[in-house]
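Subject: Handing over the model

Hello,

Here is the structure I promised to pass on to you. Have a look at it first, and then read my notes below.

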Amino acid sequence: MKKQFGFSTKAIHVGQEPDPSTGAIVVPIFATSTYVQEELGKHKGYEYARVSNPTRTRLEQNLAALEGGTSAHVFSSGMAAVTAVTQCFLKQGDHLICGHNVYGGVPRLFNEVLANYGVEFSYVDTSDLAAVKKAMRRNTRILWVETPTNPLMVLTDIAEVAKIAHAGGAELAVDNTFMSPYLQSPIALGADMVMHSTTKFLNGHSDGLGGVIVGTKPHHSEKLAFMQKAAGAILSPFECWLVLRGVKSLAVRMVKHDENGRAVADFLRNHRKVKKVLYPGFTDHPQYELARRQMKGFGSMITFETGSLNNAKKMLRKVRVCSLGESLGGVETLISHPATMTHAALGEKGRKQIGLTDGMVRISVGIEDAADLIADLDQALAAI
Ligand SMILES: Cc1ncc(COP(=O)(O)O)c(C=O)c1O
């Protein structure tokens, strides 16, 4: 699909061409474990489903186009995708710099699994460019950044950290899950790889797990394809199909998520029971200018301070339209308590270090009617 086509045209048509054998407008789910070969060494490009599957190929073509990369490889979850990056591009004695406030499962994997294999990790505030520069070592291979961060909504300047990584001979990998390719394009800003938990906005309907690594260099494609075959944590054809279905409406969903996010953030900021709202769309957010430069919108992830664990508990018990649960990026609004849910593994000390309090509540604003969400939050906050 030509480069000049717009985002939605690509989302709906790249990899989503009609099925050549039947004309079906929707990519079929190829539920097969193997492929019949005509004779020894003669086949149609598919040999065994762990190695490749036509539904998966189509999704990988689509996601590579949406992120502006040259390849994409999908895995059974976001964490399986992160694991694949480490398996492909790190070996004993290598060093990775990770943002100090990323999705909690990422440092859990690094510290509790990979550190046992002699890989070194440093955690830095990647919004602080001097700190990133200082953390670079001769053996640094990857700089792992999530922007905005979860749940504190701190941004990292992708173009600047890409320069630092490249100057030190390392590659920049950006977890773009929070923004989706519609609102942020890390590769255009200099990132080498982009990761998504497709579980979130790309799928968009909270009905499947998945992860993707979009690459920009031949060695990304070669190694990640090899790792799909070697380790086998691939995405099933059905879940590939769910994501192919989901991305068709990504642009319109993100516009609505963004619009609702602004309305809910404004409401929360003006509510007398809410002490503070973390949202990059406020003109007084310390990185508002960077947010405007780097992102096409502000997204729908908002964190607000209720003042105490007890207050958070009281309000979360009362929500009716918003659903209390982990995850984000679905059409339905999800509300969660980072200190006891997504970031429990950080421990009290770790949470304190990054400024994550017990009173914080995170909301992934869905695409319901904003007025209903606001009314629901208003009645829930009355419980405080
Ligand atoms: C920003 C981010 N990255 C990665 C992950 C991990 O993805 P998964 O749950 O699909 O393994 C998550 C999960 O919540 C996430 O929020």
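A word on naming before anything else: helices and strands here are DSSP runs numbered from the N terminus, a helix having at least four residues and a strand at least two. With that in hand, His285 can be placed in the loop between strand 8 and helix 11 (288-294). Please keep in mind that this is a predicted model.

Staying with His285, is this residue buried or exposed? His285 counts as buried because its relative accessibility is 11%, and buried means under 20%. Leaving out residues up to four places away in sequence, His285 touches Met153, Leu155, Tyr279 and Pro280.

Next, the ligand, which I expect you will want to open early. There are 13 residues around the ligand, and the closest are Gly78, Met79, Asp175, Ser197 and Thr199. By class, this shell has 4 nonpolar, 6 polar and 3 charged residues. Three polar pairs to look up:

- a nitrogen atom of the ligand and an N or O atom in the side chain of Asp175, at 2.7 Å;
- an oxygen atom of the ligand and an N or O atom in the side chain of Ser197, at 2.8 Å;
- an oxygen atom of the ligand and a polar backbone atom of Met79, at 2.9 Å.

How much of the ligand does the protein bury? Taken alone, the ligand exposes 390 Å², and the protein buries 91% of that. Helix 3 (78-89) and strand 6 (193-197) are the elements that give two or more residues to the shell around the ligand.

Now to strand 1, which covers residues 71-75 and has 5 of its 5 residues buried. Ser71, His73 and Phe75 point one way from the strand, while Ala72 and Val74 point the other way, and all are buried. Strand 1 pairs with strand 7 (residues 211-215) in the antiparallel sense, over 5 bridges. Within that pairing, His73 has Ile213 of strand 7 as its bridge partner.

There is also an open sheet of 5 strands, with the order 8-9-12-11-10 and mixed pairing. Its edge strands are strand 8 (276-278) and strand 10 (323-324), each of which pairs on one side only. Further in, strand 11 (residues 334-336) and strand 12 (residues 360-364) pair in the antiparallel sense over 3 bridges. Leu334 has Ser364 in strand 12 as its bridge partner.

Leu278 belongs to strand 8. What does Leu278 touch, not counting residues up to four places away in sequence? The list is Pro151, Leu152, Met153, Met301, Ile302, Thr303 and Met360. Leu278 and Leu152 are 126 residues apart in sequence, yet their C-alpha atoms are 6.5 Å apart in space. Leu278 counts as buried, since its relative accessibility is 15%, which falls under 20%.

Last comes Gly261, in helix 10 (residues 250-269). Gly261 is buried because its relative accessible area is 0%. Setting aside neighbours within four places in sequence, Gly261 is in contact with Tyr279, Gly299, Ser300, Ile302 and Val365. By contrast with those contacts, the C-alpha atoms of Gly261 and Leu114 are separated by 37 Å, the two residues being 147 apart along the chain.

Happy to talk it through whenever suits you.

Best wishes

Definitions and conventions. Residues are numbered from 1 along each chain as its sequence is written. This is a predicted model: local features need pLDDT of at least 70, side-chain atom pairs count only at pLDDT 80 or more; totals for chains, interfaces and linings use all residues. Side-chain values use heavy atoms; hydrogens and water are left out. A residue is near a molecule or strand if one of its heavy atoms lies within 4 Å of it. A polar contact is a pair of N or O atoms within 3.5 Å; within protein, one must be able to donate a hydrogen and the other to accept it, and residues adjacent in sequence count only if both atoms are side-chain atoms. Accessible areas come from the Shrake-Rupley method with a 1.4 Å probe; for residues, only the protein chains shown count as cover. Ala, Val, Leu, Ile, Met, Phe, Trp, Tyr, Cys and Pro count as nonpolar, Asp, Glu, Lys and Arg as charged, and the others, Gly among them, as polar. Buried means under 20% relative accessible area, exposed over 50%, partly exposed in between (1.4 Å probe, protein chains only). Two strands pair if DSSP finds at least two bridges between them. Contact means heavy atoms within 4.5 Å.
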